[in-house]
Every structure is written in C-alpha cells, then in structure tokens.
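Here is the colleague's note you asked for, written for someone meeting a structure of this kind early in their studies. Please keep the structure open while reading, and look up each residue as it is named.

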Amino acid sequence: MAAITLCFDFGNTRQKYAVFKGADMQEVILLENTGAEAIRQALALFQPERTILSSVMDHDPQVEVELEGGSKFHKLSHLTQLPFTTPVGKPATIGADRLAIVAAAVNLFPQRNNLAIALGTAITYNFVNRNHEFLGGGISPGMDMRFRSLSDYTAKLPLVKEDWNFPLVGYDTVTNITSGVILGMAKEIDGFIDAYKERYGNFNVLLTGGNSGYFVPHLKNKIFADQNLIFKGLYAISECN
C-alpha cells in the first residue's frame, strides 16, 4: 500500500494541506484554523507516514510538536536539502513557499531555465536557471492587496471583490477598478516574462496560486498553469528529507 504524505502550506491568507498517496495527490483541504487540534484531527484521519510544513506566518509552535509526534516530520527552511542551490546573500530570508515552488519547477522541468510565478497575497517571481541555481526574482502586491489598497488609501473608492466577468473599458466605478487591477496585473506579468526573455532566451513559465485562473485568459505568453504547484514541490522535497 502506498504511503500517505501530508503537505501543509501555511500562507498569509489561507492555510491548507494536500494529501498524497504515494506520489499521487488525492485532495486539498482548507484548514479553518491552524491550532494543534486541527493538526491532531488531520493526523488521526489520514495517519500519514510523512508530513512536511511550509509556513510564512507565525503559527502555533504546538503545530510542529504534533506533526513531529505523529509522523516523520520536516519543516521546510533554508537548511532543507533542496534539488537546487540558492546563491544569494541571505538564504535564510527566502520564503518557504518560494522554495517549494522552485522545487516543483525543477522537478517538472529539470535542466531548464524556469520562471515560476505564484499569485497569492503577494505575487512572487522565482527564476531558477538550467544549472538549478535559484537566482531570486521579484515580489509585488497581489490581487486582494491591490483591491484593498484602492479602498484604504482613497476617500471614496469602494472595496471591490474579484470578478471573472469584466470589460476592458469599465463603465462604472466597480468595473473600472476590476479592469484596472486584473488587466494591470496581467500586463505586469507579461512584462516580467518579456524582460526575462530578453536576458535569458527560451525558458518555461509556470503560473500557480489560488488566483491564477483570473489571469490565464489575459496573458499573451505561453504558460504552464497549475494551482497546486506548491504542494507538488513540497512532496518532491519530502522525498529527499
């Protein structure tokens, strides 16, 4: 019987985990809270052999105690054995989520230049070259942050929620904001891709994150889209740790 692995992703906005049976991802479960009791319930339900945690938040330390007590546990950090190197000045400052996404890119497209773009609370641009060196990239505000900033830093603009159906030319305040934020982000992403093309030539572009579906139809560049890239990277890392 294939072993069960639970891959936990504690992001700034959402905390969730994926269930792997062998190398096959079975499902993704959103956590309502990140306390020790929620972790105990997950361990009891799936009885995993291995668990791995990527966290960019200040989570309850008891979470790691529970994971360590109920499985072969690994916490992703700059000390983790990775399928790439991080030749940057302060590797300890690299977000665990970025390490997992780059691991997925290297695992899917080895010995290739890869630009992995993650759309979450922030947008991260993560470039790993064909020599498996993670060179860094860029960070900019994510979609929700942009919608909220327009409301928070103006006197009269409302807080607008994302919507799939919007026009190029907005006809009221809501559609003006929706078009400006979503199409503005799409143009930013295409602009980054074009700039990397000028420097590095051909490379793969991977797009991931819960908000990625809003942008795929508006991008001119060819991309590989997978909302669960971080979990696939976490599983790949768990295999060698």
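The numbered points below go through one strand, its neighbours, the empty spaces and a few single residues.

1. Before anything else, please bear in mind that this is a predicted model, and that every value in this note has been computed from that model.

2. A good place to begin is strand S4, which covers residues 50-55. Of the 6 residues in this strand, 6 are buried, so S4 is largely enclosed by the rest of the structure. The cover is found on both faces of the strand: on one side Arg 50, Ile 52 and Ser 54 are buried, and on the other side Thr 51, Leu 53 and Ser 55 are buried as well.

3. Which strands are joined to S4 by bridges? One of them is strand S1, made of residues 4-10, which runs parallel to S4 and is joined to it by 6 bridges; within this pairing, Leu 6 is the residue that stands opposite Thr 51. Another is strand S5, made of residues 72-75, which also runs parallel to S4 and is joined to it by 4 bridges. In the pairing with S5, Ile 52 stands opposite His 74, while Leu 53 has Lys 75 as its bridge partner.

4. The link between S4 and S5 deserves a look of its own, since helix H2, residues 62-70, belongs to the picture too. Taken together, S4, H2 and S5 make a β-α-β unit, and this unit is right-handed.

5. We can now turn from the chain to the space that it leaves free. Rolling a probe the size of a water molecule over the atoms shows where empty space is left. In this model the search gives 1 cavity of 30 Å³ or more, and the largest cavity holds about 50 Å³ of space.

6. Where does the lining of the largest cavity come from? The residues around it are Arg 50, Thr 51, Lys 72, Phe 73, His 74, Ser 238 and Asn 241, so the two paired strands of the earlier points come back here, as S4 and S5 each supply at least two residues of this lining. The strand that gives the most is S5, with 3 residues. When the lining is sorted by class, there are 1 nonpolar, 4 polar and 2 charged residues.

7. Ser 238, one of the residues lining that cavity, is found in helix H6. Is Ser 238 buried or exposed? Its relative accessible area is 7%, and Ser 238 is therefore counted as buried, given that the cut-off for this label is under 20%. The side chain of Ser 238 also reaches the backbone oxygen of Tyr 235, at a distance of 2.6 Å.

8. The largest pocket has a volume of about 710 Å³. It is lined by 28 residues, and those closest to its centre are Asp 9, Lys 16, Leu 119, Gly 120 and Thr 121. At least two lining residues each come from helix H3 (96-108), strand S6 (114-119), strand S7 (122-128) and helix H6 (229-239), with H3 giving the most, namely 3 residues. By class, the lining of this pocket divides into 9 nonpolar, 13 polar and 6 charged residues.

9. The second largest pocket has a volume of about 180 Å³. Its lining includes Phe 109, Ile 193, Lys 197, Phe 203 and Phe 224, and helix H5 (173-200) and strand S9 (204-208) each supply at least two residues to it. Here the classes come to 6 nonpolar, 4 polar and 2 charged residues.

10. Finally, two residues in loops are worth checking for their backbone angles. Gln 111, in the loop between H3 and S6, has a positive phi of about 55° although it is not a glycine, and His 132, in the loop between S7 and strand S8 (134-141), has a phi near 60°, which is again a positive value in a residue other than glycine. What is the relative accessible area of Gln 111, and is this residue buried or exposed? The value for Gln 111 is 61%, and this residue is exposed, whereas His 132, at 19% relative accessibility, counts as buried. Please note that the label for His 132 depends on the cut-off, because buried means under 20%.

Conventions
Residues are numbered from 1 along each chain as its sequence is written. This is a predicted model: local features need pLDDT of at least 70, side-chain atom pairs count only at pLDDT 80 or more; totals for chains, interfaces and linings use all residues. Side-chain values use heavy atoms; hydrogens and water are left out. Buried means under 20% relative accessible area, exposed over 50%, partly exposed in between (1.4 Å probe, protein chains only). Two strands pair if DSSP finds at least two bridges between them. A crossover is right-handed if, with the strands pointing away from the viewer, the path from the first strand over the helix to the second runs clockwise. On a 1 Å grid over the protein atoms alone, a cavity is a set of points where a 1.4 Å probe fits but cannot get out, and a pocket is an open set with protein on both sides within 12 Å along at least five of seven lines; lining residues have an atom within 4 Å of a point. Grid points are joined across faces, edges and corners, and a volume is the space filled by probe spheres set on the points. Ala, Val, Leu, Ile, Met, Phe, Trp, Tyr, Cys and Pro count as nonpolar, Asp, Glu, Lys and Arg as charged, and the others, Gly among them, as polar. A polar contact is a pair of N or O atoms within 3.5 Å; within protein, one must be able to donate a hydrogen and the other to accept it, and residues adjacent in sequence count only if both atoms are side-chain atoms.
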